[in-house]
Amino acid sequence: MAKYEGSHREIAMLFSHLNPPLPHRNVLLVMVLILTGISASWAQATVQLVVKPGDDIGAEVNAAIGSLPSKTGTVQLPAGSYIQSKTISVSGTGIHIVGAGPGTVLNYNPSNYHLIDSADSSAGWHGARVNISVLSAIGEDHPDPMEGDGYIQVTTGAGSDQEVSKSIPRTNFESATQIGVWVTLNLTNAQQPIEFFVSDGSRTAYWKVTPPSIYGSWEFLALDRANPSGTDGGLPDMKSITVIGFRKLIPSAKYYFDAVSLYNPAGPSIVFSSCVQCSLENVTIHWEPDSDSVVRAAQNTRDLLLTRVHTTGGATGIDFGGPSGASTCKACTVERAHNGFSINGNTSGNQLLNVEATRNVNGIYVGPGATRNTISSPRCIRNNASGILVQGDDNQIQNPYIDTWMTFGLVINGGSHNSVTGVTARSAIGESAVQLIGGAAYNDLSNINIEESGGSGLDLGGGVKPQVYNTATNVVVHYSGSSSWHGGPNGSSEGRGLCLCNANDNTITHLEIYEAAQRSNIPGAEGIIINNGSSRNKLEDVLIYHSRHEGITVWDASDNTLRNVRVVGNGLQQGNGAGVRIEAPAKNTVLENVCYWMNGGGGIKNVSTSSTVQNTRQVKDMDPKAQCQ
């Protein structure tokens, strides 16, 4: 480690050399060297950045980093709220940026972002054969707002090519390169292109967009202002736009539209590139909505430590991307991004410890190529598409708490060899609490506590590829299908405690399901369904208590085995459901050692000629918790 040794006069000259002129005279750098005698260790150098609240801070932080000896040491940011126009770029070894706690706030430059309409109010929006209202909170078939306090809901009536529009003050759209639009479509309708348009009163430009349609999950559409999909009557005067709107809406649908904005992409707030053992601590960052990552680790960055970093906005709040790895985020919070935390690409050995993701589209995203990462004790609250989405392999997720989601609580989509343990999940809306889909394989789930889910509790189903060779043990599901939307009168027969639908060779042990589908009035919402060609699955030590319909149904499935099963009090409210029903299409089902009591449609109903049922008995007043002896 380099040291400087010399006279006090020489050290004074050194300070002069390390404090070059900076772009703004109101900025002062104070270099502090911890001295032993007259020796100074470069690694212990600290720069205290002195700025006034409201100053533009990005270039000054970069200059402070550049002033560190051998680019090693600490830059201290004072408390205050600052504008940031320039990305803070960090590369080297042992560079530390430390704020003064929640009081150090970096804000994107407001000159780069112009809000055209907040969508917090329906005032000014109009259209024929449509109903326009404002929603402000997540619900059974709609998400939380992504910007501001609300968004508009447009319910279309009969007839094609419907539109909604709003007159705006004359606006220069040439002041920015991008038009930002938040949009989504209710589940009831298939995805079809619509058009966002702007007009100067006589001519119109439009951009074709396709909103997502999965349970109201938001999509931020970045439209190239200079390249519309087409025009009506020629290109409007983009310096004089007076109308915005959406058209080509399909009939009998629900659309959700949040803020419309003009912006110039600013890039990330802070980028760590080729950094080793660097850190960021005690900083709050408010960034442009969905334009880029707020904090990014990339390009061979390793051993980065982020502590108590709080971000809002951005495409991703905190982004660990490849090729990089072995970085840690502790006690960080991310809000209102598309992906709150992202571990994506060729990256491994990263850790998210005690983080919180709130009101994002996906709270935590582990993408393809991300392997051997650890997520421990995260809190994922009110995220729209998923609390945690895993597409990578061989990752560990420990003790997540997931509360209130629109689509999935935790989903493994195509990932393999992931370990998930200690899940606590609850939501009276949304869909499955824990979902495996897209060919998810060889994943290990244990100690799963689902307190409530709008749709199914544990769901191994859906997609083209089957879910194979997964294991789940010690799973408890309460109140699946609690949403009237997904499990009830307006939805399908979803809401099971466990769904094995297009699932093969999976093993599930020590499973308890209570009060499944209590809000559903559609026969078929069972405690467990085995269907859609599922085969060779093994279930052992299973309790189904008080499902609204059947306890267990085996339908279009083959060679599945269920042992040590207790079914109590199912099918009493509606549907005369049996404890276990094996339908005629089921092939070679093996059902062994079953105890049952007080099921509305009887204990066991087997109409499959190739299936076998052995050692079943009615146990009067049986204790559901007691093992079937």
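The accessible surface of the protein comes to about 23000 Å², and 48% of that surface belongs to carbon and sulfur atoms. Keep in mind throughout the tour that this is a predicted model. With the whole chain displayed as a cartoon, you are looking at two helices and 61 strands. Of the 629 residues, 58% count as buried, and among contacts between residues at least 6 apart in sequence, 67% join residues at least 24 apart.

**First stop: helix 2**

Select residues 58–67, which make up helix 2; seven of its 10 residues are buried, so the helix is largely enclosed by the rest of the structure. If you colour the buried positions, the ones to mark are Gly58, Glu60, Val61, Asn62, Ala64, Ile65 and Ser67.

**Second stop: a six-stranded open sheet**

Next, bring up the open sheet whose six strands run in the order 12-15-21-17-18-20, with antiparallel pairing. Strand 12 (125–126) and strand 20 (230–232) stand at its edges, and because each has a single partner strand, one side of each is left without a neighbour in the sheet. Strands of a sheet pair through backbone hydrogen bonds, either parallel or antiparallel. To follow one such pairing here, select strand 15 (residues 162–171) together with strand 21 (residues 241–249), which run antiparallel to each other and are joined over six bridges. Within this pair, centre the view on Lys166, and you will find Ile244 of strand 21 standing opposite.

**Third stop: Ser293 and its surroundings**

Move on to strand 25, residues 293–298, and select Ser293 in that strand. Is Ser293 buried or exposed? Its relative accessibility is 4%, and since the cut-off for buried is under 20%, Ser293 counts as buried. Show the side chains around this position, and you can trace a polar contact of 3.0 Å between the side chain of Ser293 and the side chain of Asp319. Leaving aside residues up to four places away in sequence, Ser293 touches Gly267, Pro268, Ser269, Trp287, Ala315, Thr316 and Asp319.

**Fourth stop: cysteines**

Now select Cys275, which is buried with a relative accessible area of 0%, and then Cys278, which also counts as buried, at 1% relative accessibility. The structure holds one disulfide, and to see it you should select Cys499 and Cys501, whose sulfur atoms lie 2.4 Å apart. A disulfide is a covalent bond between the sulfur atoms of two cysteines. Looking along the S-S bond of Cys499 and Cys501, you will find a torsion of about -110 degrees, so this disulfide is left-handed. Both Cys499 and Cys501 are buried.

**Fifth stop: salt bridges**

The structure holds 20 salt bridges, and a few of them are worth selecting one by one. Begin with Arg203 and Asp200, which form a salt bridge with their closest N and O atoms 3.0 Å apart. Arg203 is partly exposed at a relative accessible area of 30%, whereas Asp200 is buried at 15%.

Then select Arg379 and Glu356, a salt bridge in which the closest N and O atoms are 3.5 Å apart. Arg379 belongs to strand 38 (residues 379–383) and Glu356 to strand 34 (residues 356–358), so this pair ties together parts that are 23 residues apart in sequence. Arg379 counts as partly exposed at 40% relative accessibility, and Glu356 is partly exposed as well, with a relative accessible area of 27%.

Continue to Glu512 and Lys625, whose side chains meet in a salt bridge of 3.1 Å, N to O. How many residues apart are Glu512 and Lys625? They are 113 residues apart, and the pair links distant parts of the chain, with Glu512 in strand 51 (residues 507–514) and Lys625 in the segment after strand 61 (612–618). Glu512 counts as partly exposed at 22% relative accessibility, while Lys625 is exposed, with a relative accessible area of 53%.

For the last selection, display Asp403, Arg426, Glu451 and Glu452 together, as salt bridges that share partners join these residues into one network.

Definitions and conventions: Residues numbered from 1 in each chain as written. Predicted model: local features only at pLDDT ≥ 70, side-chain atom pairs only at ≥ 80, totals over all residues. Heavy atoms only, no water. Helix = DSSP H or I, 4+ residues; strand = E, 2+ residues; numbered from the N terminus. Buried < 20%, exposed > 50% of the residue type's maximum accessible area, 1.4 Å probe, protein only. Polar contact = N/O pair within 3.5 Å; in protein donor to acceptor, adjacent residues only side chain to side chain. Contact = heavy atoms within 4.5 Å. Disulfide = S-S within 2.5 Å. Pairing = 2+ DSSP bridges. Salt bridge = Lys/Arg side-chain N within 4 Å of Asp/Glu carboxyl O. Areas by Shrake-Rupley, 256 points an atom, 1.4 Å probe, with all protein chains shown as cover.
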